[in-house]
Amino acid sequence: MSLRIVPFEPKYAHSFRDLNIAWLKKYFHVEDKDALLLENCQESIIDIGGFIFLAEYKGKIVGCFSFIPYDEKVFELGKMAVDPNHQGLKIGQELLSFAIEFAKENHWKSIVLYSSTKLDAALHIYRKYGFVEVELEKELPYERSDIKMELIFNSKN
């Protein structure tokens with residue numbers, strides 16, 4: 001598969017937004033925090049020290065994810081989406097694998113993510129890559145979140 005994972009550039013802002021909105025509308029709904037992050041991704045993610053990566057397949061942006069600063073050397077993995085016409089090609093797993101390697105290369109302590117127990121396939125993949133369930137805080141970032149997971153890196157990574 002000729003998949004390339006590329007860092008965010010302003011020209012990709014609409015693809016990042018559109019992929020996520022399509023995913024959210026399919027499974028949930030667009031919440032206020034989603035709208036803030038997606039409509040202003042440069043300011044709300046990149047400019048605060050976060051990262052956005054996009055998956056390019058055959059010249060088209062077909063997937064994405066973001067890292068949002070969470071704590072010192074800890075980032076929240078979020079806004080992961082794959083175009084419905086390109087699902088089943090393991091693009092999501094390629095993005096996740098890239099995300100984990102990026103975190104290791106930057107010597108992060110861990111990656112956290114919020115998800116929903118309605119998303120069995122996604123949770124299975126997160127567990128496959130070493131994420132474990134951790135306690136949810138009371139003030140959640142998203143209404144849809146009912147599970148929090150974390151991947152902790154040891155000092156040898």
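Is lysine 109 buried, exposed or partly exposed? At 46% relative accessibility, lysine 109 counts as partly exposed. That value falls between the 20% and 50% cut-offs. Keep in mind that this is a predicted model.

Let me stay with lysine 109 for a moment. It sits in the loop between helix 4 and strand 5, and strand 5 covers residues 110–115. Leaving out residues up to four places away in sequence, lysine 109 touches Glu72, Lys73 and Val74. It also touches Leu151, Ile152 and Phe153. Now take arginine 127, which is 18 residues from lysine 109 along the chain. Their C-alpha atoms are separated by 18 Å.

Now the whole chain. How many helices and strands does the chain have? The count is five helices and seven strands. Read from the N terminus, the order is β-α-α-α-β-β-β-α-β-α-β-β. The radius of gyration is 15 Å, close to the 15 Å that the globule rule gives for 157 residues, so the chain is as compact as a globular protein of that length. The C-alpha trace spans about 35 × 35 × 30 Å along its principal axes.

Some totals next. Of the 157 residues, 46% count as buried. Look at the contacts with a separation of 6 or more: residues 24 or more positions apart account for 62% of them. The exposed surface of the chain is about 8,600 Å². Carbon and sulfur atoms supply 50% of that surface. On charge, there are 20 positive and 24 negative. The mean positions of the two sets are 6 Å apart.

On to helix 1, residues 13–27. At 1.5 Å a residue, its 15 residues should span 21 Å. The end C-alpha atoms are 22 Å apart, which agrees. Which residues of helix 1 are buried? They are Phe16, Arg17, Leu19, Asn20, Ile21 and Leu24. What do they pack against? Two helices are on the list: helix 2 (32–39) and helix 3 (41–44). Three strands are there too: strand 2 (51–57), strand 3 (60–71) and strand 4 (74–82).

Strand 4 gives us two residues to look at. Start with alanine 81, which is found in that strand. Alanine 81 is buried, with a relative accessible area of 2%. Its contacts, leaving aside neighbours within four places in sequence, include Leu19, Asn20 and Trp23. Val62, Gly63, Cys64 and Leu95 are in contact with alanine 81 as well. Glycine 63 is 18 residues from alanine 81 in sequence, and the two are 5.4 Å apart, C-alpha to C-alpha.

The other is valine 82, also a strand 4 residue. Valine 82 counts as buried, at 13% relative accessibility. With residues up to four places away in sequence not counted, valine 82 touches Leu19, Val62, Gly63, Gln87, Ile91, Gly92 and Leu95. Where is isoleucine 48 relative to valine 82? The two are 34 residues apart along the chain, and their C-alpha atoms are separated by 24 Å.

After strand 4 comes a loop that leads to helix 4 (91–105), and histidine 86 lies in that loop. Is histidine 86 buried or exposed? It is buried, with a relative accessible area of 14%. Beyond its neighbours up to four places away, histidine 86 touches Tyr57, Lys60, Val62 and Ile91.

Helix 4 itself has 15 residues. From first C-alpha to last, helix 4 reaches 21 Å, close to the 21 Å expected at 1.5 Å a residue. The buried residues of helix 4 are Ile91, Gln93, Leu95, Leu96, Ala99, Ile100, Phe102 and Ala103.

Last topic: backbone angles. Most residues other than glycine have a negative phi. Here are three residues with a positive one. Lysine 58 has a phi of about 50°. It is placed in the loop between strand 2 and strand 3. At 67% relative accessibility, lysine 58 counts as exposed. Lysine 90 has a positive phi near 65°. Its place is the loop between strand 4 and helix 4. Lysine 90 counts as exposed, at 53% relative accessibility. Then histidine 107, just after helix 4, takes a positive phi of about 60°.

Methods. Residues are numbered from 1 along each chain as its sequence is written. This is a predicted model: local features need pLDDT of at least 70, side-chain atom pairs count only at pLDDT 80 or more; totals for chains, interfaces and linings use all residues. Side-chain values use heavy atoms; hydrogens and water are left out. Helices (H or I, at least four residues) and strands (E, at least two) are DSSP runs, numbered from the N terminus. The radius of gyration is taken over C-alpha atoms; the globule rule is 2.2 Å times the number of residues to the power 0.38. Buried means under 20% relative accessible area, exposed over 50%, partly exposed in between (1.4 Å probe, protein chains only). Contact means heavy atoms within 4.5 Å. Accessible areas come from the Shrake-Rupley method with a 1.4 Å probe; for residues, only the protein chains shown count as cover. Lys and Arg count as positive and Asp and Glu as negative; His and the chain ends are not counted. The place of a charge is taken as NZ of Lys, CZ of Arg, CG of Asp or CD of Glu. The expected span of a helix is 1.5 Å times one less than its number of residues.
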